[in-house]
Amino acid sequence: MDDIINNIDGQVQVIFEKGEGTQIYRDAIWMSEAEYANTASTTLDAIKQERYDNWLAIINAMPTEDPNATIPE
């Protein structure tokens, strides 16, 4: 998905998604028009990557339940 850029009441919203397979992260970065105009695309890419990496670390650190485990009585 390409980024979606919205301009709402003087704020810029950059909607993006990142990932592959079943691990797709969707988020939005909000900033003022001035901040957006002065932010390099490489900086935006770095923000997106950092958010994705943090989300992925949380997802992968979560314990999963064994579907074959028995429930103690």
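**A tour from Asp9 to the nonpolar core**

Begin by selecting Asp9, which counts as exposed because its relative accessibility is 78%; buried means under 20% relative accessible area, exposed over 50%, and partly exposed in between, with a 1.4 Å probe and protein chains only. The model is predicted, so local features need pLDDT of at least 70 and side-chain atom pairs count only at pLDDT 80 or more, while totals for chains, interfaces and linings use all residues. Residues are numbered from 1 along each chain as its sequence is written, and side-chain values use heavy atoms, leaving out hydrogens and water.

Stay with Asp9, which lies in the loop between strand 1 (4–8) and strand 2; helices (H or I, at least four residues) and strands (E, at least two) are DSSP runs, numbered from the N terminus. Phi of Asp9 is positive, near 50°, although the residue is not a glycine. Most residues other than glycine have a negative phi.

Now select the two strands on either side of this loop. Strand 1 and strand 2 run antiparallel and are joined by 5 bridges, where two strands pair if DSSP finds at least two bridges between them. Within this pair, Asn6 stands opposite Gln13 in strand 2, and the hairpin has 2 residues between the strands.

Next, add strand 3 (23–32), which pairs with strand 2 in the antiparallel sense over 10 bridges. Look for Val12, which stands opposite Met31 in strand 3, and then for the hairpin of strand 2 and strand 3, where Gly21 takes a positive phi near 65°.

Which residues does Gln23, in strand 3, touch beyond four places away in sequence? They are Lys18, Tyr52, Trp55, Leu56, Ile59 and Asn60, a contact being heavy atoms within 4.5 Å. The side chains of Gln23 and Asn60 are joined by a polar contact of 3.4 Å, that is, a pair of N or O atoms within 3.5 Å, of which, within protein, one must be able to donate a hydrogen and the other to accept it, while residues adjacent in sequence count only if both atoms are side-chain atoms. Gln23 is partly exposed, at 28% relative accessibility.

Finally, select Val12, Val14, Phe16, Tyr25, Ile29, Met31, Leu44, Tyr52 and Leu56, the 9 residues of the largest nonpolar core. Such a core is a set of buried Ala, Val, Leu, Ile, Met, Phe, Trp, Tyr and Cys residues joined through side-chain atoms within 4.5 Å. Strand 2 (11–20), strand 3 and helix 2 (41–61) each give two or more residues to this core.
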